Amino acid sequence: MRDILQTLGVNKSYGDGKVRQMVLKDVSLTVREGEFAAIMGPSGSGKSTLLYCVSGMDSVDSGRVTFDGQEISGKADTCLAAIRLSDMGFIFQNIFLIKNLTVLDNVMLPALQKGGESKESVKFRAMGLLRKTGIEDLAKRDINEVSGGQLQRAGICRALINNPKMIFGDEPTGALNTIAGNEIMDILISINKERGGSILIVTHDVKVAARAERIICMLDGKIESEILLGKYDDSSLNQRESRLSEWLHARSV
Amino acid sequence: MVFTMLNKYFKREKGVLICVFLFIFLSALLIAASGETVVSLFSGISKMAEEAKTPHLIQMHSGELNKSEVTVFAEKHADLLESFQAVKMLNVPSSNIYWGDPLEAQTGNSMDNSFVTQNEKFDFLLDLNNEVAKVAAGEIGVPVYYKETSGLTLGDTVEIKSGNTSKKFMVSVFIRDSQMNSSFITSKRFLINESDYIALESIAEPEYLIGFRLKDPDAVSRISDIYADEGMPSMGPSVDYNSFVMLNALSEGMIALIILLISMLLVAISLLCLRFAMIAAIQEDYEEIGVMKAIGMPYKNIRRLYISKYAIMGAAACLAGLVFSPVVAGILSGGVDLYFGGGGSGVLSFIVALLLTMLLFGFFILFCMSVLRALKKITPVKALTGNGRDKKKSRARLLPLSSRFGNMNFYLGFRDLAIRRKTYATLLIVFVLGVFIMLTPYNLYTTIDSPNFITYMGIGKSDIRLDIPNAQNTDEILTAVLDYAKSDDDVEKLQSLSTCRYKTTDVDGIVTGINIESGDQNIFPLSYLSGKAPEKGEIALSVSNSDEFKKNVGDHISLIGEGAEENLTVSGIYQDITNGGKTAKMESVLTEGTPLWFTINLGLKDGVSIKDKLAEYRSEFLAIKVNSPDSYKSQNLGAFMEAVFSAAILGMFLAAIVLAVITVMFAYMLIVSDGREIAAMRAVGFSLKDIERQYLARILTMLALGIIIGTIASNTLGEGLVSGLAGMMGASKVSFETNPIITYLTIPLFLFIFIGTVCAAVCRRSDSSFTVNH
């Protein structure tokens, strides 16, 4: 499998003038095509910053970020937006749906913005995704009229509508209860399996991370170590969770 | 604690508070300044009138005067009259008056220029210190009007030449004339020494100014009626004290009035912005307010917390406006100082400015309190459970993306306008008001500047206008001019009009005088507000006369000429701001009475140069005034036009600044409150440019609507407002004559580019807030 995402010596700091805080220090990371990787680590370790830097949502101070064979660090905003639009999907803890659009319109928005497809076809595909995630009946609802779990399902549909090569998730189950969180992860994994895309998520939740093939642990802005759990299947979840917990415990995470 | 919270609020809302502060400051500044100008204007006029002992009533009379007849009249009515005088003025045609370097004949001057000596009892001509002016032999006192319009300075030479006689004077003083100061009055008086006066008598036409001072100034109309009733000399217009005050006030006061209107609109804009900012702040503090209520803080205390910051800011802005207002008032009242010598009424000006500012502040606080009623609706449960907001009936189903038309960014921007129309309504109202401020004073200027404006001056559209005053050899001059014009191949149309004074009865049945211009009124037709030009047995009245006599089209009016009486039907009503607005027109003279003056209007054939023809007639007929209606207008209204132009430029400048600041504030607040949505769009692949375009689409659509509504409002409400003001001068229905290139192209284009640039700059500056991870 080829690498879909590669970072090399990425550094990132925040603040201005004399008070600058290094958030990422010489981070190098690779995600392969079709791989599901999770980043874990304590609060403030730089997990989310790394996710936004590698997805082109934030700039890096130095180092290289390559996505799908092309370097994206330093590219213009319009170019990065175009890449995000066609090849990347995002799922956030706070979901970030647009409040004045219905659930269906939120899902259709990226596809319509991308263009090249009729409105009817986009609607058809969007309805298909809503059906797969079990919220087809809510398509015409206002986003204020549905629950958090249902909103996150809509968020997944929106992330998948343009058939992205990679999905980035920042604590996608962070705002949900355990049952809803598990359901969301199952849906994400099952749909992604059909498509064969890559997933990179940031999470605190061992149950979520245990579904990933590889877990990267970050400490103080650096990749401390990583663990390979292998391909996921439902029957091995408990065993993967225990293994991961032990590994994290050893690192005081 | 309260101080800490206030401090926090100030820091958080710094930008918005600064904007609102600026607007309140600007409003207070302009309101206080225009108040000060009005006070200074009226106290200036009254102080000048006091020093000059302005007559309460004057009657002009051309031709011979039997002084003893007037003396007998004055003695007979000694119970009403304090004093009287009959002064002989020496009228000199403009073509015989020379000034400038080199000396140049003032042929284009359409004023009636007369030369007088200083009066003994009253009606004094004052110098620029408001003291009774004195001139030695060889010296001349020149009206301040010419200091301003012709740039005459002390020491300049004024020469009077007629045939072989010539007399040179040195300008030694500028004259404030409490009667004829205003540019609206077409007569101007020069002050000369007694010995020079005698020398000039041989080359000038005499005209008498019969003036009365009354024991009770309110008895003006009574003495005026008695004067007319007893058939006293009245070959000329009569003007009373109130008309002097009004004409003096109009030329300078109109500008203060326009500024006052602009500042009122500014107040409206400031309050709209404030409302927007306050609601945004309440939304932001929603949970905090809930907590305050939950821990038992009463509504009044929470309101005080909010109102104190606005009160502090409003008080500071009003105070700053009041402090700086004398500077603006100084600029606005430049003309007041020159023409009336300023009011010297610092205390009164300050009190009026203070009262106006306090009124503004009170209004501002009341407005804040009414907006803060929204606090009442917040309950702790609603606020803390998050059920209070964002749960309003959503319009998300409106305009679904599947029915998208056009570009996605434009559609999303347009859609947002439809969904959050209340939010954008504020911006729209501000744009409408801004465009209104930009256009209305400018439209007024282009209307006055337009060649069609003469319609409001009671004259038809001719090419050349010749004014022949009644004098000893009027008949000869009139015949000569008519013969010359009739044989002139370049003249296509010729209209000969004579103005006579008649008597009629007013609504109270009292006999009063009326000047009527007679002649064929169809040669250069007027636009009539109602009705048509008079035929035989008919009369057309100016708006002011129609109001005074309460006569409309179809009504009858009875005229008494010299011995004859005739009943005429009112055929039409027209607008006229000349001669105090009180004029009338007939088809032919009623009797063989002596006309007060003659007017001949010429229409030239196509291709004939008006300029050359004016020069030809001026050199041919030195004793009469030869003008084009345009120059007639500019000499009568020039100073006023300049002032309106300044007000228009000020209006445009202010409006552009206000609109830019509001756009910055609005766009910034919108972007901050839309932070989550913007971040979501960025994440799904919208570029910063896309988002910028969405905001541009929203704000520019509102601007386009604002321009359309503002232009319509200016052309309807603004026109009505101007008509209301002009109605005081005799033009009750002014139709704007716009300059389409400026009004419909340049200004909208400028606004689009200006506001678009401002909005784009705000979007670009806010780029850093467009990410989900901050």
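Helix axes are taken here as lines fitted to C-alpha atoms over the stretch in contact, with angles running from 0 to 180 degrees between N-to-C directions. With that in hand, a good place to start in this predicted model is a pair of helices in chain B. Helix H2 (residues 14-52) of chain B and helix H18 (residues 629-673) of chain B have axes that come within 10 Å and cross at roughly 155 degrees. Because angles over 145 degrees count as roughly antiparallel, H2(B) is roughly antiparallel to H18(B). The crossing of H2(B) with H18(B) is left-handed. On the H2(B) side, the contact is built from B:Gly15, B:Val16, B:Cys19 and B:Leu22, and H18(B) answers with B:Val661, B:Met665, B:Tyr668 and B:Met669. By residue class, this contact comprises 7 nonpolar residues, 1 polar and no charged.

Beyond H18(B), attention turns to helix H19 (residues 675-684) of chain B, which is mostly covered, with 8 of its 10 residues buried. These buried residues are B:Glu677, B:Ile678, B:Ala679, B:Ala680, B:Met681, B:Arg682, B:Ala683 and B:Val684. Their packing partners come from both chains: H2, S6, H3 and H5 of chain A, together with H18 and helix H20 (688-727) of chain B. After H19(B) comes B:Gly685, which has a positive phi near 115 degrees.

The meeting of the two chains can also be viewed as a whole. In total, 32 residues of chain A are in contact with 27 residues of chain B. On the chain A side, two or more residues each are given by helix H1 (47-54), helix H2 (77-87), strand S6 (88-92), helix H3 (103-114) and helix H4 (119-132). The residues of chain A that touch chain B divide into 15 nonpolar, 7 polar and 10 charged.

Strand S6 of chain A also belongs to an open sheet of 6 strands, ordered S6-S7-S8-S3-S9-S10 with mixed pairing. S6 and strand S10 (222-228) of chain A are the edge strands, each pairing on one side only. On average, and with direction ignored, neighbouring strands of this sheet are turned by 15 degrees against each other. Helix H5 (residues 148-160) of chain A packs on the sheet, where it touches S6 and strand S7 (166-170) of chain A, and its direction makes about 165 degrees with that of S6(A). Towards the other edge, strand S9 (residues 214-219) of chain A pairs with S10(A) in the antiparallel sense over 6 bridges. Here A:Met218 has A:Ile223 of S10(A) as its bridge partner.

Within the same chain, A:Ile199 lies in strand S8 (residues 198-202). A residue counts as buried if 20 or more other C-beta atoms lie within 10 Å of its own, so A:Ile199, with 24 such neighbours, counts as buried. Leaving aside neighbours within four places in sequence, A:Ile199 is in contact with A:Phe36, A:Ile167, A:Gly169 and A:Asn192. The C-alpha atoms of A:Ile199 and A:Lys165 are separated by 8.7 Å, although the two residues are 34 residues apart along the chain.

Back in chain B, strand S17 (residues 556-560) shows two faces: B:Ile557 and B:Leu559 form the covered one, while B:His556, B:Ser558 and B:Ile560 form the uncovered one. S17(B) pairs with strand S18 (residues 565-574) of chain B in the antiparallel sense over 5 bridges. From the covered face, B:Leu559 stands opposite B:Glu566 in S18(B).

Definitions and conventions:
Residues are numbered from 1 along each chain as its sequence is written. Chains are lettered from A and ligands numbered from 1 in the order in which they are written. This is a predicted model: local features need pLDDT of at least 70, side-chain atom pairs count only at pLDDT 80 or more; totals for chains, interfaces and linings use all residues. Helices (H or I, at least four residues) and strands (E, at least two) are DSSP runs, numbered from the N terminus. Angles under 35 degrees count as roughly parallel, over 145 as roughly antiparallel, 65 to 115 as roughly perpendicular and the rest as oblique. A crossing is left-handed if the near helix is turned anticlockwise from the far one by less than a right angle, and right-handed if clockwise. Two residues are in contact if their C-beta atoms, placed from the backbone, lie within 7 Å. Ala, Val, Leu, Ile, Met, Phe, Trp, Tyr, Cys and Pro count as nonpolar, Asp, Glu, Lys and Arg as charged, and the others, Gly among them, as polar. Two strands pair if DSSP finds at least two bridges between them. A residue is buried if 20 or more other C-beta atoms lie within 10 Å of its own, exposed if 12 or fewer, and partly exposed in between; C-beta atoms are placed from the backbone.
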